Amino acid sequence: MIDLNSITDEVVGEYDLKDDRANQLVHTLIRYLHGYAREVQLTHAEWRAALSFLTRASQSTNESRNEFSLISDVLGVSSLVDLMASAEGATPGSVLGPFHVHDSKEQANGFDLRGEQAGTPTLFRGRVMSASGQPLQALIDFWQNADNALYPQMDSTQDYHNLRCKLRTDADGTFAFRTVLPQPYGIPEDGPVGDLVRQAGRTCMRPAHFHTIVMADGHLPVTTEIFFDHDPYLETDAVFGVREKLITHVHTVTDSAQASAAGMPCPFSLVEFDFHLAPQAPATR
Ligand code: BEZ
Ligand code: FE
């Protein structure tokens with residue numbers, strides 16, 4: 001019969017999912033949940049509060065907002081999974097976030113994403129290489145927020161494709177495109193996640209960043225973010241996305257010959273970053 005000693009094994013034994021990995025995931029989850037409840041001697045009132053938090057999360061979730069992803073982000077689980085998935089020698093991964101779209105347009109290397117919009121004119125350039133330094137022809141999926149700190153999904157005045165594109169590097173791995181500096185911004189804080197972050201005395205702000213997914217044949221793709229060393233929120237990112245290797249310096253270029261060679265106004269900001277991709281593991285039979 002079920003008692004305090006037997007209940008965890010009894011419950012685990014009821015879940016045979018016919019797939020070793022699924023069993024491992026579900027059985028371990030049950031054991032950790034039960035272990036947690038035992039360790040903290042969970043009360044009815046506390047468990048009801050936890051379920052009410054999740055209920056409020058579901059009520060804050062809609063087509064354009066997923067409060068459960070935010071829970072994963074602010075508890076550092078998204079970043080933990082990113083770090084575990086980061087391959088040796090490759091650029092470390094960082095959070096995908098909710099603003100990636102699958103259908104951004106492919107643009108030519110050197111493209112001008114900035115157009116006439118407000119913001120600090122910025123040239124983003126670099127190379128994609130293998131972990132051992134060989135140049136790779138790669139596809140870079142890129143997105144960022146605008147000078148008002150908003151992504152197109154949050155701002156009906158922006159075109160759907162504003163400040164996002166897919167871009168193929170040259171054969172030597174080099175890429176360059178023109179954009180504006182992104183801005184720090186706050187994750188949505190009007191739901192239960194905002195309450196939790198505030199109660200903890202944390203900030204909802206994220207440091208400014210470029211988002212990229214970098215892909216090349218025969219290599220593991222890297223989903224990551226590029227941060228800037230002047231940013232006041234680097235140490236307190238609400239979603240724990242900052243890694244040492246992802247922080248770069250923003251150079252201010254005041255030389256007009258350099259500006260016109262780059263097709264930039266003078267002065268402009270220059271961000272340089274090289275990506276490294278690890279080889280795909282050979283298929284196992
Ligand atoms: C973002 O980088 O855009 C983001 C990441 C996590 C939560 C909210 C926004
Ligand atoms: Fe973002």
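Author: A pocket is an open set of points on a 1 Å grid over the protein atoms alone, where a 1.4 Å probe fits and protein stands on both sides within 12 Å along at least five of seven lines; its volume is the space filled by probe spheres set on those points, which are joined across faces, edges and corners. This is a predicted model, in which local features need pLDDT of at least 70 and side-chain atom pairs count only at pLDDT 80 or more, while totals for chains, interfaces and linings use all residues. Residues are numbered from 1 along each chain as its sequence is written, chains are lettered from A and ligands numbered from 1 in the order written, and side-chain values use heavy atoms, without hydrogens and water.

Reader: What volume does the second largest pocket have?

Author: The lining of this second largest pocket (residues with an atom within 4 Å of a point) includes Leu4, Ile7, Tyr36 and Trp47. The space that these and the other lining residues surround has a volume of about 310 Å³.

Reader: Which helix gives the most to the lining of the second largest pocket?

Author: Helices here are DSSP runs of H or I with at least four residues, and strands are runs of E with at least two, numbered from the N terminus. Leu33, His34, Tyr36, Ala37 and Arg38 are among the lining residues. The greatest contribution, five residues, comes from the helix spanning residues 20–40, namely H2.

Reader: Which residues lie nearest the centre of the largest pocket?

Author: The largest pocket holds about 450 Å³ of space, and helix H4 (residues 67–74) supplies the largest share of its lining, with three residues. Of its 17 lining residues, those nearest the centre are Ser64, Arg65, Asn66, Pro98 and Phe99.

Reader: Which strands stand at the edges of the open sheet?

Author: Six strands make up this mixed sheet, in the order E1-E4-E3-E8-E9-E10, where pairing requires at least two DSSP bridges between two strands. Within the sheet, E3 (residues 139–143) and E8 (residues 210–215) are antiparallel partners over five bridges, and Trp143 is bridged to His211 of E8. At the edges, two strands have a single partner each, so one side of each lacks a neighbour in the sheet: E1 (106–107) and E10 (247–248).

Reader: What share of the area that ligand 1 exposes when taken alone does the protein bury?

Author: Among the 13 residues around ligand 1 (a heavy atom within 4 Å), Asp73, Tyr185, Arg206, His209 and His211 come nearest. Polar contacts (N or O atoms within 3.5 Å) join ligand oxygen atoms to the side chains of His211 at 3.0 Å, His209 at 3.1 Å and Tyr151 at 3.4 Å. Of the 260 Å² that ligand 1 exposes alone (Shrake-Rupley, 1.4 Å probe), the protein buries 99%.

Methods. A polar contact is a pair of N or O atoms within 3.5 Å; within protein, one must be able to donate a hydrogen and the other to accept it, and residues adjacent in sequence count only if both atoms are side-chain atoms.
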